[in-house]
Amino acid sequence: MTSLSFATASPWPLPARSRGCAALLLSVLAACGAHAAGVVVQVADQRGAPLADAVLYAVPVAGKAPAAAPGARAVIDQIDREFVPKVSVVQSGTSISFPNKDDVEHDIYSFSPAKRFEIKLYSGVPSRPVLFDKPGLVVLGCNIHDSMVAYVLVVDTPYFARTDKNGRATLQALPAAGYRVGAWHYAMRDPNAQPVQTVQAADGATPPALKFSLTTEAN
Amino acid sequence: MPKPRIHHLRTRIALIFTVLLLVVQLLGYASVHSLIASAARRNTDEQLQVADRVFGQIVQAHRDRLTQAAAVVAADFGFREAVATHDQGTVVSALRNHGDRIQADLVMLVGLDGRLVADTRAQEADDRLFAYPDLIAQARRRGNASSIAQLDGRLYELVVVPVRAPVTIAWITMGFLIDGRFVDLVASTTSLDVSFLGRSSKSDWRVLASSLPSGAATALPQAVGDGLAMPSHNAGLELAGQGYGMRVVSLHAGDEPVVAVLQRSLADAMAPFVQVQSTLLLLTLAGLVVSVLASLLIARSVTRPIDMLTRFARGIGEGRYPPPVVLARQDELGALAHTFNHMREALLEREGRITGLAYQDALTGLPNRARFHDHLQRAIGDALGRHATLAVMVMDLDRFKYVNDTLGHPIGDQLLVEVGERLRAALAREECTVARLGGDEFAVLLPGGDADSALRTARQLLQVLERPMIVADQLVDISASIGIVTCPLQGDDAATLMRRADIAMYAAKRASAGCLLYDAGHDTHTPERLSLMGELRRAVEQDHLTLHYQPKVDLASGDVRAVEALVRWEHATRGFIAPDRFIPFAEQTGYIKAITRWVAGHAIAQCADWQARGMPLAVSINVSARDLLVPELADTFAALLREHRLDPAWVWIEITESAVMDDPAHALTTLERLHGLGLRLSIDDFGTGYSSLAYLKRMPVDEIKIDRSFVMGMAEDRDDETIVRSTIDLGHNMGLKVVAEGVENQQVLERLRELGCDLVQGYLLSRPLSPQQLEAWLPQWRKRSAPLLMQ
């Protein structure tokens, strides 16, 4: 048995199992038309408080989502010994660069199966960005500063969003189709138990907002 | 008088002191002991409580250190990398490697799902659930967790820390074996014995680690028993014969509880006190010894003077006068000694006075009998030691009673004083002792004296006393009788000498001899005399005495109308014993009374018999001086006369003149009673005594008998004839009959007839005859001799 029971080791894009998830499976609205549409999602924790920095992504029920454009880029800065942003979501195939904007060196690493790497002690902008080519959760840390942590959720879809501080996010420009919408937040008690809701995106029509309730760790 | 020692005052004082002190010391010792014991217990309790805290701190510090170490290891990048990215074999070896760095005895990796990922104890983790989910939960909340837990029967401190990459990707559990080293550390830090006990799912408690010796450790669960379920509570514990204070500390509750037992040996706790206690015990013993010695000394200082005083008082009690007690003390004993000395002086002074009184005759100032006896004894010892002689004289005044009776006791006393002064004056130049023995009896001790010199002195004394004495204007004539003995010839002890001197004195008095040297013949108490006394007594009782009768012839008619009864003793072996050999002797011993009674009885019986047979003869019976002193004499005669129905006129009583004069008052009374019965009285031996005519006149006398010495001498001696004639005239003038005794020839008989004597008695006429002889003699006399006599 070689499977380490890492929370982030679940197969992506969607969890094969959604055990113990208390999330509500809301009624899926029919999506009409092939035009892009925006789906609004509201995420709250188990107590009903709005949850910021939750990641939402939509995977077509049928067919494949379009692959990322070559040379897709993202940036995660290190400012004041913190990763900024703390939570990122990218489509697989995206290269992320880690500019160090502090006056101390950082040594960032990831042991996540989706992307293992280490950028040895450096300052400034590393010469090469890191390519995140496999879906999954990648947790980043700094070997010098234990408190630094960043989450990068790599998904196989270009449709994703992050909630604002009010727990709201909008999945923009969804071509009309049926989607399974997954939700994740780094403070979830069970990272593998991502609730999934199905939504029908239709052109010119705004589907009703999705509501997710996520069980997060206490603190 | 050996007494049990406990009765000695000294012992008792010492004992009381010692017992008191012992009690005080024991109480002190006991209270200190109990104080110490309770202090030790309290101390132990406090120690246990402190130890509980210290133990907690040690465990916590240990835990913290291990947690820290585990956290450091868990943060190691290489370790995290290995754990996060490599296969199980690598993971296990990484666990081992990093565990070794901090000496962890086991390392386990637990996934976030609570299942074992890797375990250094096993190659395969088997996907087992981690046995301590609580620890994981705790670590999730607090960042780390730790607990003491049992694994495989051993005790571990388990520390759980997260492995972050950088979020928690797993939990690493490190186990540190709690073994002897740790226990010893705890034990040495807390100075207690520490044992860890555990129990797995209701099985018995087992000792997992202990600082105790293995034997004691094995017995511990049994010994603690239910106490294991009562943590944070002090209790006592008995283990391997030793007492402990104990406290149970709970380390892990649940199904597999673990506790620590902290033990404090009471003996160890007591150890410092035991030192104090043994010192105290030593002090107590030393104090005891010192107090015993001190109390003995004190007791001695009290009892030694008391012993001294006791010896002193005993000495005084025994009549020795030991020198005064010297007791230089100012206390009560000193005062007592002073009082004793004072008492000694007073006793000495008083004894001197008493001795003076005891040894001196108060009347004459002469030494008394007791002192004379002392002197005599000393003189005897002296004389015997020097082979010398000494003489003792005992002197008795003649007729002193008569002086006392006629002139009165005061004059008698003055007479004795005068006699004493004369004796003292006469012997002033001699080395001698003059003493008054009592009454009218005096004694003289002549050291170095022999018979001749004593006789000379005695005669000299008699002369001195013969000089007329004027007492209270009365001229008193006095004479004395003196008995003399010499030592060692007549005795070598005081008692014998005094008795014999007495005997000689009485002999002299009887013989009117003035003074006499003692002769064994005087002594009624010689063995021969004593046996004679016994035989005489038998002779009286068995009628071996006989009476002979001597006729009294009437000179006028020649007839015989009266006889004198004379006693005869025909001894079975000695033959005839003359009356003068046993009568004086019987008089001295007092046996004469029995003889007189015998004679009277027989004589009166004989007289009555003759009367009955037509032979009218009067019978004269001799009565001695001693008889006269017995008032019952008259009763005796009265009874005999009644018994034989005899007219008293036929019985005559003859008494010697001297018998009357010894004690005239008593004699007179008796004579008057006899005369009152109708008996006739006759004075025997008339002319030999010192008869007072005044007495003669007062006596109820019918007849006087002229002493034979005058009658026998009258033929040749004109003086004797004059006395006989005067006596006959005197008798006739007083109306008395006169009898002449000892008539032995015709010439005397004729002369007596011429002088007018009434009756004659003597061998010329007849010697004393037995009754039968008399009865035969009398008719012949009447037929032949009487006419012859009367011619």
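Trainee: How many residues does each chain bring to the contact?
Mentor: Chain A brings 16 residues and chain B brings 15 residues. Contact here means heavy atoms within 4.5 Å. This is a predicted model, where local features need pLDDT of at least 70, side-chain atom pairs count only at pLDDT 80 or more, and totals for chains, interfaces and linings use all residues. Residues are numbered from 1 along each chain as its sequence is written, chains are lettered from A in the order in which they are written, and side-chain values use heavy atoms, with hydrogens and water left out.

Trainee: What area do chain A and chain B bury between them?
Mentor: About 1,400 Å², with 65% of it on carbon and sulfur atoms. Buried area is the accessible area (1.4 Å probe) that two parts lose on being put together, summed over both.

Trainee: And how many salt bridges cross the interface of chain A and chain B?
Mentor: Zero, by the rule. That rule wants a side-chain nitrogen of Lys or Arg within 4 Å of a carboxyl oxygen of Asp or Glu.

Trainee: Which strands of chain A supply at least two residues each to the side that touches chain B?
Mentor: β11 (136–142) and β12 (149–155). β11(A) gives the most, with three residues. Strands are DSSP runs of E, at least two residues, and helices are runs of H or I, at least four, numbered from the N terminus.

Trainee: New topic. How many aromatic pairs are there over all chains?
Mentor: The structure holds 16. Rings of Phe, Tyr and Trp (its six-membered ring) pair if their centres lie within 6.5 Å; planes under 30 degrees apart are stacked, over 60 edge-to-face, the rest tilted.

Trainee: Why is the pair of Y159(A) and Y179(A) edge-to-face?
Mentor: Because their planes are at 80 degrees, with the ring centres 5.5 Å apart. Y159(A) lies in the loop between β12 and β13 (160–162) and Y179(A) in strand β15 (residues 177–184), so the pair ties together parts 20 residues apart in sequence.

Trainee: Is Y179(A) buried or exposed?
Mentor: Buried, at 1% relative accessibility. Y159(A) counts as buried too, at 11%. Buried means under 20% relative accessible area, exposed over 50%, partly exposed in between (1.4 Å probe, protein chains only).

Trainee: What about W569(B) and F582(B)?
Mentor: They form an edge-to-face pair, 5.3 Å centre to centre, with 85 degrees between the planes. W569(B) is in strand β19 (residues 560–571) and F582(B) in helix α15 (residues 579–589), so the pair ties together parts 13 residues apart in sequence. F582(B) is buried, at 0%.
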